[in-house]
Amino acid sequence: MRQKQTHLLRRSCFATALRLGVKSLARDNLPVACQRKHSPETCERLLNLRGMHTLSLWLRRWMRRRRIVGAVFLLFVVFGAEAALAQQDAVRMRVEPGALGLDGVVRPGSWAGLRLVLDHLGADDRAVILRWSLSDEDGDRVVSEREATLARQRDGQVVWLYAALPAMLAPNVRFTMRCVDAQTKKVLTSTVFSPDRDRLARPDDTVLAVTSGANLGLSDYQRHETTHAPLKIVRGLSLSTLPDRWMGLQMLSTLVWTQDLGGDPADPQQVGDAALEALREWCFRGGHLVVVLPAVNPTWFSSPLADLLPVKKSATRRVDTDRWGEPEWMGSLRPAEPETVSQTVFRVDDADTGPDAPTVLLRDAEGRPVVVAKRYGFGRVTLVGLDLTQSPVQRAGMPRGERRLWSRVFHWTAPVYTEAYVKDQEKDQAFVPARRLRRQNLAAFIGDQIAMSSTVGMLLLGAVVLFGLYWLGAGCLLQPLLKLRGWERLTWPVFFGVVLTMAMATWTVAVLLRPHEASLRHVTVLDVDGRTGISRARSFTSVFLPDFGTTTLAITNASVAALPGGAHNLIASPGLSGDRRARGFIEPRSYVMNAADPHAAALPSRSTTKQLVLDYVGPTAGHLAGLAYPFEMVARTDITSD
């Protein structure tokens, strides 16, 4: 009985507390409230329960809200932990200014390198796939991809990708780059970038790269009155930022190395083996490497590329001279008080005229060889013994003049005119201003030469004749003949029979005449080294692919003795410069190219032609995988005597 009474009192107290609220309890209003409904003895007993009442009220309120508070707390915990883990395992990727091409310079229709910088914050090494998406000449999507392993907790990791840019590069083109986890195929990060429209090289531009930021007497050659072809100079490169494959240097004709910004070719911390091998292959394929030896510590002779140089270190000698400005190839003006500088002179046997003997291009004021050159593969390597970046040479503004050093090194025959002289001649209308020059696309004929439109001429004529017979039979002759015979009621059955017959005839002819084998037409520029049997070829090819689906095309990566890593031959579909004929398919498809070794591709085939550009170095004898004897050539000439 006593327990029941206590329970009833507690319920009454709870009701009172709920009406008055916690505020009234805090102000000791409970006795007054109790006396309104209970006796003083009862209120005295309730006073002893005050603390319990307050706690009970707080617990009730907390129980009402704990579900919401718990859910919010749980969300904060889960998402906060996930964000923290993601941040610790994040991969960041960026395309820095000038990362596309060489310091931002690219040529549409040529191969270009993309220098990616990645940061990996994870605790373990991570394998990723980098994918660069762009379009080819038919509108298909080319995915140039390369696998890489990112070292754990390291920023600034560099990976190079390569792709052939479309020849008809749109001014507002945007490329997409994705970084994908190699195991889960999940996209970790992505970015969109565009080429610098102000730094695009034109198809007929001669592109020359200089590692130095100094003038070196080269700037005057950029005026059209001074050179036979427009010249574009890329400055500020270094060996440490060179691509690791030769195709990243493809658009270059010449690379001039100087020590001030070029880096040390013998230091593996500054330049890797891959970049040096890329430079070697570029030179072997026709590039011109010019090495301006520094006044002190010429480390090229101890670098992995020492065998490219025209002379060995034992054939060099350092001398000090104040007559460096006297040779006529340094310019027509002479410094008033020339300072003494150090230069390197070479010992060359003039009696040695073998194929591997160096050629003396220039001599100093005392007749000693100071610039020598030698052929390497299909390219050339030149050594300049006078360091043009030395302060006395720079302060004198040399070399300069109409027939300066570079005219001899590059075999340029046009004189070098100053800007003031050119302006005076333009006023007298002796020179044609650059704005009035008309450019001629020398490769415009290639598209017509490799097109296969003539191979379907007879087929189209047959289709026209077949359609004419159908039109005469079903449209003009059917009704009069049936009416003449009195068979008008058979018009629809006979018409159906004519349509069925013509459809079967058309299908039969199409099946019989449809090509079932791949065919090829090409225009190839071919160089052959008669001593080694090695050839270099650039081939513009139109290939008919008879299948529907995918067809794998490949060009052999041949073994070449002069290239320790072998030749990296290329296959691409960038189109031809200036070819504005309508191209592209209604249903564009994607295909993958190996960004580090793009010599093969599984191309989409639609029983039509695909235009390709091939770059090949290697032997021409024997069967080449993917193309049967593509570069075999027979030449004849008649010899007559008077």
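These are my notebook entries on a predicted model of one protein chain.

**Entry 1: the whole chain**

I began with the overall counts. The protein chain has 642 residues, and 43% of them count as buried. I looked up its secondary structure next and found 12 helices and 21 strands. Then I checked the contacts between residues at least 6 apart in sequence: 72% of these join residues at least 24 apart. The chain exposes about 35,700 Å². Carbon and sulfur atoms supply 55% of that area.

**Entry 2: cysteines**

How many disulfides are there? I counted zero. I looked at two cysteines for burial. Cys179 has a relative accessible area of 0%, so I list it as buried, the cut-off being under 20%. Cys283 is also at 0% relative accessibility and therefore goes down as buried.

**Entry 3: the largest pocket**

I turned to open space. The largest pocket holds about 1,700 Å³. Its lining takes in 50 residues. Which of them lie nearest the centre? I noted Arg107, Arg202, Pro203, Asp204 and Asp205. I sorted the lining by residue class and got 23 nonpolar, 15 polar and 12 charged. Next I asked which strands supply at least two residues each to this lining. Strand S10 (252-257) and strand S17 (519-528) do. Strand S18 (534-554) and strand S21 (600-619) do as well.

**Entry 4: Gly549**

I picked one residue of strand S18, Gly549. Is Gly549 buried, partly exposed or exposed? Its relative accessibility is 23%, so I class Gly549 as partly exposed, a label that runs from 20% to 50%. I then listed what Gly549 touches, leaving out residues up to four places away in sequence: Arg589, Leu603, Pro604 and Ser605. I also took a C-alpha to C-alpha distance from Gly549 to Ala602. The two are 53 residues apart in sequence and 9.5 Å apart in space.

**Entry 5: cavities**

I moved on to closed space. I count eight cavities of 30 Å³ or more. The largest cavity has a volume of about 140 Å³. It is lined by 20 residues, and Val142, Ala164, Ala572, Ser573 and Met593 are the closest to its centre. By class, the lining of the largest cavity splits into 15 nonpolar, four polar and one charged. Which strands each give at least two residues to this lining? I wrote down strand S3 (126-135), strand S4 (141-150) and strand S5 (154-164). Strand S19 (570-572) and strand S20 (590-594) complete my list.

Terms used. Residues numbered from 1 in each chain as written. Predicted model: local features only at pLDDT ≥ 70, side-chain atom pairs only at ≥ 80, totals over all residues. Heavy atoms only, no water. Disulfide = S-S within 2.5 Å. Buried < 20%, exposed > 50% of the residue type's maximum accessible area, 1.4 Å probe, protein only. 1 Å grid on protein atoms, 1.4 Å probe; cavity = no way out; pocket = protein on both sides within 12 Å on 5 of 7 lines; lining within 4 Å. Points joined across faces, edges and corners; volume = space filled by probe spheres on them. Helix = DSSP H or I, 4+ residues; strand = E, 2+ residues; numbered from the N terminus. Nonpolar A, V, L, I, M, F, W, Y, C, P; charged D, E, K, R; others polar. Contact = heavy atoms within 4.5 Å. Areas by Shrake-Rupley, 256 points an atom, 1.4 Å probe, with all protein chains shown as cover.
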